[in-house]
Amino acid sequence: MKKIGIILILVFCTGMIIGKGKRIQNSRNKIPNRLIDYDRFQKTVNSSGEEREARRLTEDEFLTTISEKDVILLDARSESRFKLRHIKGAINLPFTEFTKDSLAKVIPNLDTKILIYCNNNFDGSPEAFAAKNAAASLNLSTFISLKVYGYTNIYELGPVLDVAKTKLPFEGSEVQ
């Protein structure tokens with residue numbers, strides 16, 4: 001009798017777990033939201049991998065490209081971190097503020113060469129450049145969002161650089 005009770009409990013619990021999984025999957029498919037397009041996001045991520053990798057620049061390449069005519073150096077970190085330390089000449093538009101209009105004010109031409117960098121490009125300044133989880137690096141989100149908004153000429157700083165040793169010039173309140 002005890003074995004039958006245990007078997008019934010196991011069957012009941014298994015049914016609840018399986019049923020719960022189906023409910024979650026089905027409810028996800030039934031909640032429309034015209035302002036969220038995961039499929040387009042995923043397609044952009046999947047189709048941009050090789051392009052992004054080919055457009056990751058060394059420190060010297062990044063430094064040279066900054067000085068080119070009509071290049072935008074975009075810092076998508078928070079305003080507070082930007083004020084602490086940023087690459088000289090960068091324009092700050094926090095990632096959370098990206099909209100078609102806000103981007104158009106900063107980068108009116110979709111073909112403009114855009115240079116990006118993030119927290120995960122620098123060591124030695126933990127307040128200004130607080131490292132993110134590697135898979136959540138701001139470079140990744142920024143690159144994909146700019147692509148989704150139609151920008152076609154995006155380049156990114158590739159390596160991790162020590163703020164005390166890099167050739168890139170900084171400005172901000174923590175820079176001496």
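**Salt bridges, sheet and cores**

Q: Is Arg55 buried or exposed?
A: Arg55 has a relative accessible area of 18%, and buried means under 20%, exposed over 50% and partly exposed in between, with a 1.4 Å probe and protein chains only. This is a predicted model, in which local features need pLDDT of at least 70 and side-chain atom pairs count only at pLDDT 80 or more, while totals for chains, interfaces and linings use all residues. Residues are numbered from 1 along each chain as its sequence is written, and side-chain values use heavy atoms, with hydrogens and water left out. With its value of 18%, Arg55 is therefore buried.

Q: With which residue does Arg55 form a salt bridge?
A: A salt bridge is a side-chain nitrogen of Lys or Arg within 4 Å of a carboxyl oxygen of Asp or Glu, and the structure holds 10 salt bridges. In the one that Arg55 makes, the closest N and O atoms are 3.4 Å apart. The partner is partly exposed, with a relative accessible area of 23%. That partner of Arg55 is Glu51.

Q: How many residues apart in sequence are the parts tied together by Arg52 and Glu156?
A: Arg52 and Glu156 form a salt bridge whose closest N and O atoms are 2.9 Å apart. Helices (H or I, at least four residues) and strands (E, at least two) are DSSP runs, numbered from the N terminus. Both partners are buried, Arg52 at 18% relative accessibility and Glu156 at 2%. Because Arg52 lies in helix H2 and Glu156 in strand E7, the pair ties together parts whose separation in sequence is 104 residues.

Q: Which residues are linked in a network of salt bridges?
A: Glu156 is joined to Arg52 by a salt bridge, and the two also belong to a network of such bridges. One further member, Arg56, stands opposite Glu156 in E7. The network links Arg52, Glu53, Arg56 and Glu156.

Q: How many residues apart are the distant parts of the chain that Glu68 and Lys113 link?
A: The side chains of Glu68 and Lys113 meet in a salt bridge of 3.1 Å, N to O. Glu68 is in the loop between helix H3 (59-66) and E2, whereas Lys113 is in the loop between helix H5 (100-106) and E5. Each counts as partly exposed, Glu68 at 35% relative accessibility and Lys113 at 22%. The distance along the chain between Glu68 and Lys113 is 45 residues.

Q: Which are the edge strands of the open sheet?
A: The open sheet has five strands in the order E1-E7-E5-E2-E4, with parallel pairing, where two strands pair if DSSP finds at least two bridges between them. Two bridges join E1 to E7, three join E5 to E7, and two join E2 to E4. An edge strand pairs on one side only, and here the edge strands are E1 (56-57) and E4 (91-92).

Q: Which residues of E7 are buried on its two faces?
A: In a regular strand the side chains alternate between the two faces of the sheet. Both faces of E7 are covered, with two buried residues named on each side. One side has Ile154 and Glu156, and the other has Tyr155 and Leu157.

Q: Which residues have the most contacts inside the largest nonpolar core?
A: A nonpolar core is a set of buried Ala, Val, Leu, Ile, Met, Phe, Trp, Tyr and Cys residues joined through side-chain atoms within 4.5 Å, and the largest has 18 residues. Strand E5 (114-117) and strand E7 (154-157) each supply at least two residues of this core. Apart from it lies another core, of 17 residues, among them Ile72, Ala76, Leu103 and Ile116. Those with the most contacts inside the largest core are Phe62, Ile87, Tyr117 and Phe122.

Q: What is the relative accessibility of Asp75?
A: Asp75 is found in strand E2. Not counting residues up to four places away in sequence, Asp75 touches Phe82, His86, Ala90, Ile91, Asn92, Leu93 and Tyr117, where contact means heavy atoms within 4.5 Å. Asp75 counts as buried because its relative accessibility is 0%.
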